[in-house]
Amino acid sequence: MRRENALSYYGLIAFTFIIVLLGIIMISSASSIIAFAREKDAFFYLKRQIAWTSVGFIGLIFFSKVDFHRLRKISFVLAVISLILLVLVLFLGKSAGGARRWLILGGISFQPSEFAKFSMIILGADLLLRIRKEKPGRESKHKGYRNSLIFIVAINILLIILQPDFGTAFSIFLALFLLMVLSGEKIFSLFKMGIASLPVILLIILINPERIERIFTFLFPDKNVLGGGFHLNQSLIAIGSGGLYGKGFGMSRQKFFYLPAAHTDFIFAIIGEELGLVGAISVVIVFLMFTYFGMKIALRSKDLFGKVLAAGITFMIAIQAIINMGAVTGVLPITGIPLPLISFGGTSLLFTLCEIGILLNIALR
Amino acid sequence: MSAPRSREKIVYHRLIIIFSFIFLCFSGITARLIYIQVIRSEEFNKQALRQRLRKIKLTPKRGIIYDRNKNVLAMSIEVDSVYATPRFVKDPDNTAEKLSLILGMDKSIIKQKLTRKSGFVYIARKIDKDKSKKIKKLKLKGIGYLRESKRYYPGSNLAPQLIGFAGMDNKGLTGLELYYDALLQGESGELVTEIDPLGRSIPDGVLNLSPSIDGDNVVLTIDKNIQFVAESELKKAVESSKAKAGVVIVMDTKTGEILAMANMPSFDSNVYNQAEVETLRNRAVTDVYEPGSTMKIVIAASALEEKIVRPQDVFYLPSTIKVADKEIKEAHERPPGNFTFSQIVSKSSNVGAVTIGLKLGKERIFRYIKSFGLMEKTGIDYPGEVKGYLPPLYRWYGSTIGNIPIGQGISVTALQMLRAVAVIGNDGVIVKPYLLKDVLKNETADSNGKSKSIKPVSRRVVSHETSQQLKNILKEVVAEGTGGNARVSGYEVAGKTGTAQKPKSNGKGYEKGKYIASFVGFVPADNPKLAVIVIIDEPQGVIWGGSIAAPVFSNVSEYSLRRLKVLPAVVN
């Protein structure tokens, strides 16, 4: 391992640890009330998060040891598994809060859309770079790969929207789009694709009145405090009342059922409330540093597949963090995606840690 | 070789651009955080407090009302109120059915409450302990209980008009419960807590607690036993004479302490909402009546004080006397004859009283009536006291001076009349009647156990000599005159009977067959301890004060004197 890579390698490990630890600590506070109310055990979610963290680190170690090139060979297999799971969840999934997002396998709930994120990035990095293997002048062959990628990703996204889980679908879309930008797609064709996808996105939004309401709430937050604006308003109250230094760890008041999903999608609001501006900005910086080291690994990689895969993974994590924190602070519409490595949620944690394992593997080569 | 190389470059540049973009996004979120957590922090903090702080009123325990010997007359007990949280009620029909059986309420009313769109609705407030126990056993979903304090009157129908009652919210509504509400009520406290959106309090969320201060206990001048005897004797008299109502007041002649204040008809304070309106009044202070012959005491006292007569002066009285256009007769027709001044009072001669009245003249009569406190409220510590009516001098017609001396055309309350007569027993000094003997400060209050005592108010009305002379005359009333039935064995009684026709409500003339029979006096005559007035309103059949009211006086006095351990005088 070269010296520059060593810094990124260990930096990434360090910040992963910091984020995961922060997540566990904040879940212990944010989930305790709802855990006790629902499960009569204040540590219910904490225990599960710790268990998933252990599994996740096994995944991380595994993927950091296995040559990432092997993933390229099974990218289609992963995509097919993803499709099967996404179809299965629509029929057999556990319904909660008006959505079917979870498959229950032997008492463990599993979120196929998280696996979809993982597999789509690997597939994307693979297909977008197949052109390099071809001889120059075989542009049409590349387009074939690219279009088939678009097709597969579109089906995945569609299945995820059917759950419905617009946030995850959108983050996959955005990560894949950035992957295309990165992989050297011509600006003009990117522009065309962007224009083409706009009406589709609009249509998807307009089909569901709830999404219209969310967009409306986002645009005019004060008009709808009791309806859809309730979540956002409670989130802002949490963060705002935290002030500069916060109320102190464990002292959140908003977690007493004022703020919904305090331990999952809105955990960042609890961080803002308990740890204040200092804590909230620290989280932003931690993610920024994580992204920085991820990018650094991508840049240093001699291997173009490794470069694109590393970048794709980093994008995926950064995009989710931005969309989540943006929604919680009211600068982006609420879409319902977790804050990576911090929000409670086993599948997300597992695959995020696996992805980080791949990043580390790329850094090693 | 150049193509892949340029491609590497493209990837490199675009990666830098995308990372810059991500960096910008993170910076944007940071800026937003500063905006929310610094610039608008205070505003959000206020919003947060507004939505989760709740002020809970802590109700103090209402003070106890004791009689003079610390027997409880009114106290507060803890009882359950049943409420429902309608959205948690599983089966409104079945729940209503079960509740209606125990509470004895209409099922449809309960069901209507259970299905109301509200988070809280009372089903029944302050119910019996055994009822609430039964309901609790059913373990009904959505039904809850609140501990509330309820006023309880151990004596049930003992002095209900006097004590009054406190309502659902523990505020005094009538009587002494109302008059001393400020003392009894205490101070409510406040608990500021933090609650979650469902109204449950947040653990460790108490921000501020100012505890409630329980009400003070008050001690009345009333003697429970004397009150009881006064009530039962009065009840007997009212029932046997088929009267409409009656009043007995027993007062300490020298201090003005009220020992009993009985009213009939009566009611049970514990179920005051079932009482008839007619039974609620404390007639002793809220109702006026024309005193009739008992007024002769005031006239006689005035004449003696003015020294225009001496007790042994003899008057020749015709059968009737004409004043202006009105002829005044005696109650029992008699031939013309000689009467001493004493006999005019003891035999209750109307003609004699008018004769004395004419000698006094209206100005002096007016002045003495006023001096005896008959034109002002006694100032007793009881709400809603009224004063009697005496027409101002310029409205006295020619015949008025023929009416006032025999207690017509003037109205007084029983308490006013008792107080006026007690003047004679109290050596010519008028006292202020009162009911509050002591206030026992609650332990939680700062002045530990210090009690507030009331100083008697007094004023001289007539001289010692006058009161002695009149006292002797009033002894004669009982010894050999109209008040024979008022005698108490072992004690000498001084007093006066009264039988007055009731004026018509329009003020023109008198109702035929409607009388007020009364007796007022004090005992033992030479060193009086008690002043007692008995008033029977509209007795049927025998209507004379000496026949109906005097025996009540006798029985109540006899019991009271023994209870108070007043030594009997040696008489004959």
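Which residue of chain B forms a salt bridge with Arg253(A)? Glu194(B) does, and the closest N and O atoms are 2.9 Å apart. One thing before I go on: this is a predicted model.

Let's stay with the two chains. Between chain B and chain A the count is one salt bridge. Polar contacts add to the picture: 11 residue pairs, both partners at pLDDT 80 or more. Where does chain B's side come from? Helix H1 (2-39) and helix H2 (41-52) of chain B each supply at least two residues to it. H1(B) gives the most, with 23 residues. By class, that side of chain B has 23 nonpolar, seven polar and nine charged residues.

Now the extent. 39 residues of chain B are in contact with 57 residues of chain A. Interface size is often given as the accessible area lost when the parts come together. Chain B and chain A bury about 4200 Å² between them. Of that, 72% is on carbon and sulfur atoms.

Next, inside chain B. The domain assignment gives domain 1 (57-79 + 149-220) and domain 2 (224-563). Their centres, taken over C-alpha atoms, are 38 Å apart. How many residues of domain 1 of chain B are in contact with domain 2? The number is 37, and they meet 33 residues of domain 2. The two domains of chain B bury about 3000 Å² between them, 58% of it on carbon and sulfur atoms. Three residues to look for on your screen: Arg68(B), Gln161(B) and Phe165(B). They supply 22% of the area that domain 1 buries against domain 2, more than any other three residues.

Arg68(B) comes up again. Glu257(B) forms a salt bridge with Arg68(B), with the closest N and O atoms 3.1 Å apart. Across this domain interface there is one salt bridge, along with 14 residue pairs in polar contact, both at pLDDT 80 or more. On the domain 1 side, the elements giving two or more residues are strand E5 (143-152), helix H6 (160-163), helix H7 (175-179) and strand E8 (217-220) of chain B. That side divides into 21 nonpolar, 10 polar and six charged residues.

Last stop: Glu233(B), in helix H9 (residues 224-240) of chain B. Buried or exposed? Glu233(B) is buried, because its relative accessible area is 14%, and the cut-off is under 20%. The side chain of Glu233(B) makes a polar contact with the side chain of Asn555(B), at 2.8 Å. Beyond its neighbours within four places in sequence, Glu233(B) is in contact with Val552(B), Asn555(B) and Val556(B).

How values were computed. Residues are numbered from 1 along each chain as its sequence is written. Chains are lettered from A and ligands numbered from 1 in the order in which they are written. This is a predicted model: local features need pLDDT of at least 70, side-chain atom pairs count only at pLDDT 80 or more; totals for chains, interfaces and linings use all residues. Side-chain values use heavy atoms; hydrogens and water are left out. Contact means heavy atoms within 4.5 Å. Buried area is the accessible area (1.4 Å probe) that two parts lose on being put together, summed over both. A salt bridge is a side-chain nitrogen of Lys or Arg within 4 Å of a carboxyl oxygen of Asp or Glu. A polar contact is a pair of N or O atoms within 3.5 Å; within protein, one must be able to donate a hydrogen and the other to accept it, and residues adjacent in sequence count only if both atoms are side-chain atoms. Helices (H or I, at least four residues) and strands (E, at least two) are DSSP runs, numbered from the N terminus. Ala, Val, Leu, Ile, Met, Phe, Trp, Tyr, Cys and Pro count as nonpolar, Asp, Glu, Lys and Arg as charged, and the others, Gly among them, as polar. Buried means under 20% relative accessible area, exposed over 50%, partly exposed in between (1.4 Å probe, protein chains only). Domain bounds come from an automatic or database domain assignment.
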